[in-house]
Amino acid sequence: MKKICFLAVWLLASAVSAEPRTTQDGVYSKDQARQGGAIYKQQCLVCHDKKYFRPVLKRWSGQSAAVLFDVMSGSMPESNPGGLQLAEYVDVMAYIFSLSKYPSGDAELEQGALAEITIQEP
């Protein structure tokens with residue numbers, strides 16, 4: 001019983017003391033951004049050139065990446081809203097982060113973690 005109580009206290013302390021993550025923390029991998037770039041060229045480039053996203057992300061600064069994901073996946077591409085697989089939207093988001101000069105990291109961006117990542121002004 002002591003082990004279970006200790007584990008519960010440790011997990012709670014770890015969760016409380018965890019630093020919030022931002023787009024400046026390397027939340028996507030280079031390989032993932034490359035994959036997202038290929039999808040972007042096929043699905044997004046027709047309407048959104050590569051310079052489009054820096055000012056957009058400035059406006060989204062302070063918001064959760066999950067909110068941006070929900071808007072993207074529900075309304076894009078304009079010709080077929082919600083037409084991509086959810087993993088493809090995540091890969092495109094990684095590519096958009098790379099275009100905006102956010103640093104890459106070792107791990108891929110995951111849909112389940114988007115609510116824990118805050119967009120920071122590029």
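**Exercise 1. Find which helix holds both R34 and D31, and say how far apart they are along the chain.**

Step 1: Look at helix α2, residues 30-43; R34 and D31 both lie there, three residues apart, or about one turn of the helix. Helices here are DSSP runs of H or I with at least four residues (strands are E runs of at least two), numbered from the N terminus.

Before going on: this is a predicted model, where local features need pLDDT of at least 70 and side-chain atom pairs count only at pLDDT 80 or more, while totals for chains, interfaces and linings use all residues. Residues are numbered from 1 along each chain as its sequence is written, and side-chain values use heavy atoms, leaving out hydrogens and water.

Step 2: Check the pair's side chains. R34 makes a salt bridge with D31, with the closest N and O atoms 2.3 Å apart. That term means a side-chain nitrogen of Lys or Arg within 4 Å of a carboxyl oxygen of Asp or Glu. A search of the whole structure turns up one salt bridge.

Step 3: Add accessibility. Buried means under 20% relative accessible area, exposed over 50%, and partly exposed in between (1.4 Å probe, protein chains only). R34 counts as exposed because its value is 54%, and D31, at 45%, counts as partly exposed.

**Exercise 2. Work out how many disulfides the structure holds.**

Step 1: Set the test: two cysteine sulfur atoms within 2.5 Å.

Step 2: Try C44. Its closest cysteine sulfur is in C47, 8.7 Å away, so that's too far for a bond. The count is therefore zero disulfides.

Step 3: Compare the surroundings. C44 is buried at 16% relative accessibility, whereas C47 is exposed at 54%.

**Exercise 3. Find which residues touch the most other members of the largest nonpolar core.**

Step 1: Know what you're hunting for: buried Ala, Val, Leu, Ile, Met, Phe, Trp, Tyr and Cys residues joined through side-chain atoms within 4.5 Å.

Step 2: Pick out the hubs. Among the core's 30 residues, these are Y28, M93, F97 and L109.

Step 3: See which elements take part. α2, α3 (53-59), α4 (65-75) and α5 (86-99) each give two or more residues, and α5 gives the most, with nine.

Step 4: Zoom in on Y28. Leaving out residues up to four places away in sequence, Y28 touches several residues, including A33, A94, F97, Y102 and L109; contact means heavy atoms within 4.5 Å.
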